[in-house]
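Here is a short briefing to keep beside you as you look through this protein. Have the sequence and the 3D view open, and take the topics one at a time.

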Amino acid sequence: MTAIARALALVTLLAGEVSAQSKLKMIVDQDARGPCTTDIQSILMFVQSPRAEVLGVTIVSGDLWMEQELRHTLRALEIAGRTDIPVYRGAVHPLVHTQDEAKRWETLYGKQPYQGAWDGEAGPYETLPLREGEPTIGPAEGHAANFIVDVVNRFPGEVTIWGGGPLTNIALAIALDPELPRKAKELVVMGGGIAARYRREFNWWFDPEAARIVLRAPWKRISVTPADVSTKTRHSDEIVARIARAGTPLARYIEEFHAVPRDPSNADWVPEIFMWDELSAASVLDPSLITETREMYIDVDIDRGIQYGYTLAWEPDQHEPPGVAKVNVHVDVDLARFYDLYVELMTRVALRHDADDLDESHLGQRGPQLSPMGVEVETPQLDLDPEGFSTLLLQEELDCVARFVPRHGVGGTRRRAVGVRELRSRFLLPDGSARWAKLSSMRE
Ligand SMILES: [Ca+2]
């Protein structure tokens with residue numbers, strides 16, 4: 001095959017992807033406990049989805065301190081091969097709420113069962129070693145709130161902001177640009193709770209003032225995934241096994257580090273494996289998974305009493321509290337389809353239709369092979385350590401792709417990076433060995 005023919009095959013391959021223009025432009029804001037957990041796994045759903053274009057990930061203290069979460073996130077993106085996505089440092093502390101105040105509250109009203117970063121012994125700027133390995137990449141320059149303002153203003157009416165943690169970064173962005181909510185497409189957050197047992201939900205309790213600012217801002221549309229519906233989900237052993245079969249670096253990461261229930265005997269309350277944030281992410285990527293929604297007035301109590309940080313909710317025909325937003329509340333989910341989507345996204349490389357078509361007899365052979373889309377490749381060239389898979393980017397491949405993939409405005413650089421990543425995934429063989437073809441032969 002001539003170099004030109006190979007190039008055409010490559011361009012056809014890339015054109016098969018969902019175009020950048022039709023993708024959901026996403027800002028993913030998260031308090032990213034790692035490795036794995038609902039926080040990282042929901043970020044990965046967005047970055048793995050062909051429906052989403054993740055413009056950036058913004059990190060906020062919550063489950064852990066921001067700096068530690070930042071490193072978990074960078075490492076997870078490395079493992080997923082998405083080092084092209086910028087990750088921004090965000091808020092270190094809530095706007096008003098402090099650990100001392102939380103302790104004082106406990107002396108009056110009783111124990112708070114979970115306090116995220118405040119439960120840990122490390123301080124906000126101490127970093128602990130990562131079990132999943134240290135990231136070799138760093139965060140983007142600038143602050144999360146500035147990034148949110150910049151991106152929403154760059155793409156008015158197009159950007160969906162998804163928040164899976166305390167809403168401090170988004171509140172800061174609104175303080176910088178009060179018109180920001182009108183310019184975004186939609187806000188979707190995991191947080192709050194409607195039933196009595198869920199009203200003290202961590203994300204909104206950790207920074208109640210931020211949650212109030214964000215919920216009361218003039219968004220075109222707000223959707224909330226409350227704890228009530230999140231707790232219907234389970235990141236079960238069966239799901240882990242389905243993902244593990246893919247054998248990709250990402251699948252191995254989940255297999256090795258997925259959270260396990262601290263109390264397996266209590267099937268009703270397993271916060272470690274509730275898919276709190278994954279469900280909310282899925283509601284963005286495929287809204288049809290949410291089978292029941294309800295419009296309610298939703299707010300957060302910021303009075304310094306026994307319900308500080310608790311969710312307030314009213315039925316629309318009950319009361320119209322002034323200044324409080326009517327919110328689209330997720331009530332029920334098609335669990336089977338949700339789990340299928342999650343597994344599909346987490347195994348996407350290995351389960352791609354073309355990967356399925358690969359003839360397993362090719363495994364272990366050397367010399368030129370004909371791939372499913374007709375590009376002549378040499379395989380296998382490399383048996384990569386999964387740890388190194390995502391960080392290994394051959395410059396010659398990048399050069400090769402860059403010559404044939406047209407620039408798309410501001411997304412030009414990103415698009416080229418995606419092209420390389422997609423090429424890798426196309427040649428990743430489903431035997432778990434993380435082999436992929438070297439494309440240097442495509443050079444003229
Ligand atoms: Ca979270």
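Let's begin at strand β8, where the side chains alternate: Thr311 and Ala313 point to one face and are buried, while Leu312 and Trp314 point to the other face and are not buried. Please keep in mind that this is a predicted model. Its pLDDT averages 81 over the protein, and 74% of the residues score at least 70.

**The sheet**

- β8 belongs to an open sheet of nine strands with mixed pairing, in the order β3-β2-β1-β4-β5-β6-β9-β7-β8.
- The edges of this sheet are β3 (87-88) and β8 (311-314), each of which pairs on one side only.
- The partner of β8 is strand β7 (residues 290-300), and four bridges join the two in the antiparallel sense. Here Tyr297 of β7 stands opposite Trp314, one of the β8 residues that are not buried.
- β7 also runs antiparallel to β9, with eight bridges between them. Thr293, for example, has His330 in β9 as its bridge partner.
- Strand β9 (residues 325-333) pairs with β6 (residues 222-225) as well, this time in parallel and over two bridges. Val224 has Val329 in β9 as its bridge partner.
- Further along, β4 (residues 159-163) and β5 (residues 186-190) run parallel and share four bridges. Ile161 is the residue standing opposite Leu187 in β5.

**Helix α2**

- How far apart should the ends of helix α2 be? With 12 residues (37-48) at 1.5 Å a residue, the expected span is 16 Å, and the end C-alpha atoms are indeed 16 Å apart.
- This helix is mostly covered, since 12 of its 12 residues count as buried. The buried set takes in polar residues, including Thr37, Asp39 and Gln48, along with nonpolar ones such as Ile40, Leu44 and Phe46.
- What do the buried residues of α2 pack against? Their partners are strands β1 (24-30) and β2 (52-59), together with helices α3 (66-79), α12 (249-257), α13 (276-285) and α14 (335-346).
- α2 lies across β1 and β2, and runs at about 165° to β1.

**Leu250, a residue to click on**

- Leu250 sits in helix α12, one of the elements that α2 packs against.
- Why is Leu250 classed as buried? It has 27 other C-beta atoms within 10 Å, and the cut-off for a buried residue is 20 or more.
- Beyond its neighbours within four places in sequence, Leu250 is in contact with Leu44, Ile79, Ala80 and Met346. Leu44 is one of the buried residues of α2.
- Leu250 and Ala80 are 170 residues apart in sequence, yet their C-alpha atoms are 5.5 Å apart in space.

**The nonpolar core**

- In soluble globular proteins, nonpolar side chains tend to be buried together.
- In this model the largest nonpolar core has 102 residues, and Ile148 and Val214 touch the most other members.
- Helix α5 (residues 144-154) gives the most to this core, with seven residues.
- Leaving aside neighbours within four places in sequence, the contacts of Val214 are Leu167, Ile170, Ala171 and Ile174.

**Where to be careful**

- Over residues 1-17 pLDDT stays under 50, and the model has 23 contacts beyond four places in sequence for this stretch.
- Residues 426-444 also stay under 50 in pLDDT, with 56 such contacts in the model.
- Where pLDDT is low, the predicted coordinates should not be read in detail.

Conventions:
Residues numbered from 1 in each chain as written. Predicted model: local features only at pLDDT ≥ 70, side-chain atom pairs only at ≥ 80, totals over all residues. Expected span 1.5 Å × (residues − 1). Contact = placed C-beta atoms within 7 Å. Pairing = 2+ DSSP bridges. Axes fitted to C-alpha atoms, helices over the stretch in contact; angles between N-to-C directions. Core = buried A, V, L, I, M, F, W, Y, C linked by C-beta atoms within 7 Å. pLDDT = per-residue confidence, 0-100.
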